[in-house]
Structure formats: structure tokens, C-alpha cells
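Work through the exercises below with the sequence and the model in view. Each task is followed by a solution in steps.

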Amino acid sequence: MSDNVPVIAIDGPSGSGKGTLASALAERLGWHLLDSGALYRIVAAVAIARGITLDHESELAAMAEGLDISFKEQKVIVDGEDLTDLIRTEGATSLSSEVAALAGVRAAILTMQREMRRVPGLVADGRDMGTVVFPSAELKIFLDADAETRAQRRYNQLKNKGLSVNLPALLDAIKKRDERDIRRAVSPLKAAGDAIIIDSTAMTIVEVVAEVYAEVVARRLAEGT
Ligand code: C5P
């Protein structure tokens, strides 16, 4: 890890398109990618599997610290097991924002995240990338969209995967998760003071990527990659 390695921090609520934006930028720049939400989802999925409940914060934190996590070719491998699909289930999704409110769990995950700052650069997406994890990031984006639009996008994604989904239930789940992420005491979801705020409600992902890439070029972050 090095503070000299450039970071692009992308934060925002669920379904704002930040994951798609982050992977498009990482690919274009040839930089590493950190999907920090996946880490909270992993902690949630493993907690469910091991039967560790939310009232056991130190046990959850110790468990999180001890996990051997790697991201290989779009797969999430934890202690040698493929958890790619498990961390996207409804149970893990909902619990992820609850374990994410625990200071001990966040502290355990903080080190893992900072270790991913490696040459030639890192694109990191989450809720507190620009505020807490990488406050010195060269570029900070806060990507927002109204809740109805975000729920509709999730609905389309799941539908395309052939899953049966219910739009009002998705909207309700998104609102609950937003509420927990915004209201928690530790590292709440909020834009960093120096973040560029983009509302993607009426934008396509291609337009969002183009707008952010123009900023990357303006800040000379693409040079040398
Ligand atoms: O981004 P994603 O939806 O995968 O994140 C799952 C959950 O993890 C979020 O609802 C949020 O509570 C938590 N999270 C967080 N901080 C981050 C990334 C995700 O608290 N940097």
C-alpha cells in the first residue's frame, strides 16, 4: 500500500450505478478495483452460515479479520469457497447493511481495503470511500439517483437474469438499506466535502462514465497508465 498510488473514490446509495461506473473506469485505466460492498456482504453471508448474530460484535469483527478473501475473474472466493452467488442473496444483502453499522466490523475491513491501494491505481466504490477509507483520493464522485429509478434498475437487472422480482418490495428494501446507511453513527453514507455530485436519475450509464472520465482526463489521472 502506498499513499502515492492514485485512487478514484466512488460513493453513493444502492443501485446508483456506482459499481458499473467503477468497473468501467478500472478497465479503461487498467487500475485495480475495490468493490467494498462485497466485503460487507461476505461478512454477512459467513455470519449467517456460522450462526453468528448481530449482538456478537467482537465475534463478528474477529471473524471478518480472519477471512481469506480474493476476487478472481468476477468470482468471490472466501477461505477457498466460491461465495459469488451467496453474497447477492436477499438474506446476505439485507444483513450486510446491519453488520456494516458495527464499528468493530468496519475497523476489521478498513485494513483490507487500504491494502488494495496498489500501483498503478485503484478505483474503489462504496459508501465511505471518499470520507473515511481514502480521504486523500485524487478524485471523489458521489453518484446518486432517486429511489424509484434505482429500484427500477435493480428490477431490470434481476429480470434479465431470469429471476422473479417484485418492484414495490425492491423499492421498500432499497429505502430501508438507504435509511440504515445514512443514519448509522459510524461512516454513514454521505458525500465528501470535495466530491463531485452526479445525479444519474435521467442519465444512462454511458453518459455517467463519459462525464467522470472527462474529469479523470482533466485531472491528468489517465497519464502514465
Ligand atoms: O454496495 P453494496 O450494495 O454491495 O453494499 C452492501 C452494503 O454494505 C450496503 O448496504 C452498506 O450498508 C454496506 N457498505 C458500507 N460501506 C461501504 C460499502 C458497503 O457500509 N463502503
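## Exercise 1: Thr84

Thr84 has a relative accessible area of 17% and is buried. The structure is a predicted model.

Task: Explain why Thr84 is classed as buried, locate the residue in the chain, and find the polar contacts of the side chain.

Solution.
Step 1. Buried means under 20% relative accessible area. Thr84 has 17%, so this residue is classed as buried.
Step 2. Along the chain, Thr84 sits in the loop between strand E5 (81-82) and H4.
Step 3. The side chain of Thr84 reaches the backbone nitrogen of Val76 at 3.0 Å.
Step 4. A polar contact also joins the side chain of Thr84 to the side chain of Asp82, at 2.4 Å.

## Exercise 2: Backbone features in loops

Task: For Asp79 and Ser187, state the phi angle, the loop and the exposure class. Then describe the peptide bond from Val119 to Pro120.

Solution.
Step 1. Asp79 is not a glycine, yet its phi is positive, about 50°. The residue belongs to the loop between strand E4 (75-78) and E5.
Step 2. The relative accessible area of Asp79 is 41%. Partly exposed covers the range between 20% and 50%, so Asp79 is partly exposed.
Step 3. Ser187 is likewise not a glycine and has a positive phi, about 45°. Its loop runs between H8 and strand E8 (196-199).
Step 4. With a relative accessible area of 16%, Ser187 is buried, because the cut-off for that class is under 20%.
Step 5. The peptide bond from Val119 to Pro120 is cis, and its omega is near 5°. Pro120 lies in the loop between helix H5 (103-114) and strand E6 (122-126).

## Exercise 3: The ligand and its shell

Task: How many residues surround the ligand, and which are the closest? Which helix gives the most to the shell? Find side chains with a polar atom at a short listed distance from a ligand oxygen.

Solution.
Step 1. The ligand is surrounded by 16 residues, and the closest are Arg41, Arg106, Asp128, Arg177 and Asp181.
Step 2. Sorted by class, the shell holds eight charged, five polar and three nonpolar residues.
Step 3. At least two shell residues come from each of helix H2 (36-50), helix H4 (90-99) and helix H8 (167-183). The most come from H2, which gives four.
Step 4. A polar side-chain atom of Arg177 is 2.8 Å from an oxygen atom of the ligand. For Arg127, an N or O atom of the side chain is 2.9 Å from a ligand oxygen. For Arg184, the distance from a side-chain N or O atom to a ligand oxygen is 2.9 Å.
Step 5. On its own the ligand has 450 Å² of accessible area, and the protein covers 97% of it.

## Exercise 4: The second largest pocket

Task: Give the volume of the second largest pocket, the make-up of its lining and the element that gives the most to the lining.

Solution.
Step 1. The second largest pocket holds about 150 Å³ of space.
Step 2. Its lining residues are Leu34, Leu39, Leu67, Asp68, Ile69, Ser70, Phe71, Met112, Glu115, Met116 and Arg118.
Step 3. By class, seven of these are nonpolar, three are charged and one is polar.
Step 4. Strand E3 (residues 69-72) gives the most to this lining, with three residues.

Note on methods:
Residues are numbered from 1 along each chain as its sequence is written. This is a predicted model: local features need pLDDT of at least 70, side-chain atom pairs count only at pLDDT 80 or more; totals for chains, interfaces and linings use all residues. Side-chain values use heavy atoms; hydrogens and water are left out. On a 1 Å grid over the protein atoms alone, a cavity is a set of points where a 1.4 Å probe fits but cannot get out, and a pocket is an open set with protein on both sides within 12 Å along at least five of seven lines; lining residues have an atom within 4 Å of a point. Grid points are joined across faces, edges and corners, and a volume is the space filled by probe spheres set on the points. Ala, Val, Leu, Ile, Met, Phe, Trp, Tyr, Cys and Pro count as nonpolar, Asp, Glu, Lys and Arg as charged, and the others, Gly among them, as polar. A residue is near a molecule or strand if one of its heavy atoms lies within 4 Å of it. A polar contact is a pair of N or O atoms within 3.5 Å; within protein, one must be able to donate a hydrogen and the other to accept it, and residues adjacent in sequence count only if both atoms are side-chain atoms. Accessible areas come from the Shrake-Rupley method with a 1.4 Å probe; for residues, only the protein chains shown count as cover. Buried means under 20% relative accessible area, exposed over 50%, partly exposed in between (1.4 Å probe, protein chains only).
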